[in-house]
Amino acid sequence: MQEMLPGFLAALSLSASLLLVPTLLTQVGAPFMGIYTASMLMAIAGTLAFGRLGLPVAAAPGAALTSWLTPCASMTTATSHEVMLAHGVSGQMVLFMGAVISLVMTAALAFTVFSKRPGRLAGLVQLFPPCIADGLQGAVGLLLLVQGLYQGHLLMGSPTGPVQLGNMADPVAYLSLVGIIAMLSLMAVGARWAVLGGVLTSAVLAFAGGFWVLPDAPFFLPEGLDRTGLQLIFMNGWENVKVCDYADLSLVLTLFLSLSGWGGLKALAPHLDDGQMGRSLLSLSGLSFIACLLGTMPLTAAPESAAGQAMGGRTGRMGYWTAAFLALLLFMEPTLQSMASFPSIFAPAFAGAGLVLLLRMKPVFSGGIADKVAAGLLFLILPLTQDVAAGLGAACIAYVSLTLLSGGHVSRFLRVLAVAFLLYFFYGFWSIL
């Protein structure tokens, strides 16, 4: 039972992302309820799969990938930016390509994992040098911390700089700060339930102040899968899309699915050995294929799992409890929408999870200039983009380039990966050249 509260907190934190994915996809014509139902079901399945592998980690459709693929407001400006779908690639095409890539990855991983030849998975955990691999915990922690401060309106976009402090006249910012202070106070006295205490403080004050109101109908029956399932077979307009656009999207999806999953698992479960990592990635890729068939985005390891780990979640039982609470939230979409309308409730959970990961991080700013610059870029790019693959890409390119310039040795795999990341940035992020 000691894993129950961590599972509840992880599910509550994850609910914000599970609301974001269908909200973004509605901008390209997808039905909200169908995407919400599909996303919840796949999050439950992925979390159960991780629980069976003994991991205190949840899985969910990739919110970072969804926000990149769909038009959405920038964090620091009020304008929208053009993304892949603006080039005529429909949502059905994205799902089709995601399904194909996930299926290929599943076949390759299954062959590797179940091969009788020992050593096929050797080095899978340590794909990157220690400055990057060990820095992932801290970088993901910083991502969660920044996300919590934004959720709580304690950081806001600024017309004169990247960010500015929030306005304490805003009830969301005020109650978020109160919840975070309560959480830090409980951490200082060694309370294991410190993060949950901060969440409850914000929730109770918001409810007492009338800022958070329970809806008249807090439950609903899941629906909409008939409108989202197998939508990838209804591709249209594919003949009008350039071949290079397909290649660009394939590259982005391949790197995102492989390295975001690897990076999330490395940050959230650093004790994994090569065999466990292989089986975990195999589960992610297989379930990502099913997710695309149901009409939602491929799965990745959810950083919000750290909220449950902050309360002491250490085993697969936390995953089982998280899945159980997600199954309950599947029927509570109206309640989640009311909570999301006053996001101070989520701020202490994100901030606490981020602090826990930062405190666990090994020292990474040592070694030569290549190690220090790579770790610094990881800490800068990953929180700003909220994309594990982008952070890994920037760090990998910097490490390979500076190491070669200084006369050091870099493995052939890292060199190939650096070139792939250059293509990832130029053709994926920078307007499809």
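# Getting to know a predicted model

Of the chain's 433 residues, 54% count as buried. Keep in mind that this is a predicted model.

Q: What pLDDT does the chain average, and over which residues does pLDDT stay under 50?
A: Let's start with how far to trust the picture. Where pLDDT is low, the predicted coordinates should not be read in detail. In this chain 85% of the residues score at least 70, and the average pLDDT is 78. The stretch to be careful with, where pLDDT stays under 50, is residues 72-87.

Q: How many helices and how many strands are there in the chain?
A: One strand you can look up is S4, which covers residues 299-301, and one of the helices is H15, running over residues 347-360. Count them up along the chain and you get 18 helices and four strands.

Q: What share of the contacts with a separation of 6 or more comes from residues 24 or more positions apart?
A: Valine 57 and serine 305 give a handy example: they sit 248 residues apart along the chain, and their C-alpha atoms are separated by 5.3 Å. Over the chain, among contacts with a separation of 6 or more, pairs 24 or more positions apart account for 77%.

Q: Is valine 57 buried or exposed?
A: Valine 57 belongs to the loop between helix H2 (32-52) and strand S1 (59-61). Beyond four places in sequence, its contacts include Thr47, Phe50, Leu268 and Met318. Its relative accessibility is 1%, and the cut-off for buried is under 20%, so valine 57 counts as buried.

Q: How far apart are the C-alpha atoms of alanine 353 and glycine 141?
A: Alanine 353 is part of helix H15 and is buried, with a relative accessible area of 1%. Leaving out neighbours within four places in sequence, alanine 353 is in contact with Leu144, Ala306 and Ala307. Glycine 141 is 212 residues away along the chain, yet the two C-alpha atoms are separated by 6.8 Å.

Q: Why does histidine 153 count as partly exposed?
A: You'll find histidine 153 in the loop between helix H6 (135-151) and strand S2 (155-157). Its phi is positive, near 60°, in a residue other than glycine. Partly exposed covers the range between the 20% and 50% cut-offs, so histidine 153 gets that label because its relative accessibility is 26%.

Q: How much space lies in the largest cavity?
A: Rolling a probe the size of a water molecule over the atoms shows where empty space is left. Here the count is one cavity of 30 Å³ or more. The space in the largest cavity is about 60 Å³.

Q: Which helix gives the most to the lining of the largest cavity?
A: Helices H4 (91-113), H10 (243-268) and H11 (274-294) each supply at least two lining residues. The lining includes Ser102, Gly261 and Leu299, and its residues divide into six nonpolar, four polar and no charged. With four residues, the top contributor is H11.

Q: What is the relative accessible area of threonine 300?
A: Threonine 300 is in strand S4. Not counting residues up to four places away in sequence, threonine 300 touches Gly261 and Leu284, among others, and both of those residues line the largest cavity. Threonine 300 is buried, and its relative accessible area is 11%.

Note on methods:
Residues are numbered from 1 along each chain as its sequence is written. This is a predicted model: local features need pLDDT of at least 70, side-chain atom pairs count only at pLDDT 80 or more; totals for chains, interfaces and linings use all residues. Side-chain values use heavy atoms; hydrogens and water are left out. On a 1 Å grid over the protein atoms alone, a cavity is a set of points where a 1.4 Å probe fits but cannot get out, and a pocket is an open set with protein on both sides within 12 Å along at least five of seven lines; lining residues have an atom within 4 Å of a point. Grid points are joined across faces, edges and corners, and a volume is the space filled by probe spheres set on the points. Ala, Val, Leu, Ile, Met, Phe, Trp, Tyr, Cys and Pro count as nonpolar, Asp, Glu, Lys and Arg as charged, and the others, Gly among them, as polar. pLDDT is the predictor's confidence in each residue, from 0 to 100. Contact means heavy atoms within 4.5 Å. Buried means under 20% relative accessible area, exposed over 50%, partly exposed in between (1.4 Å probe, protein chains only).
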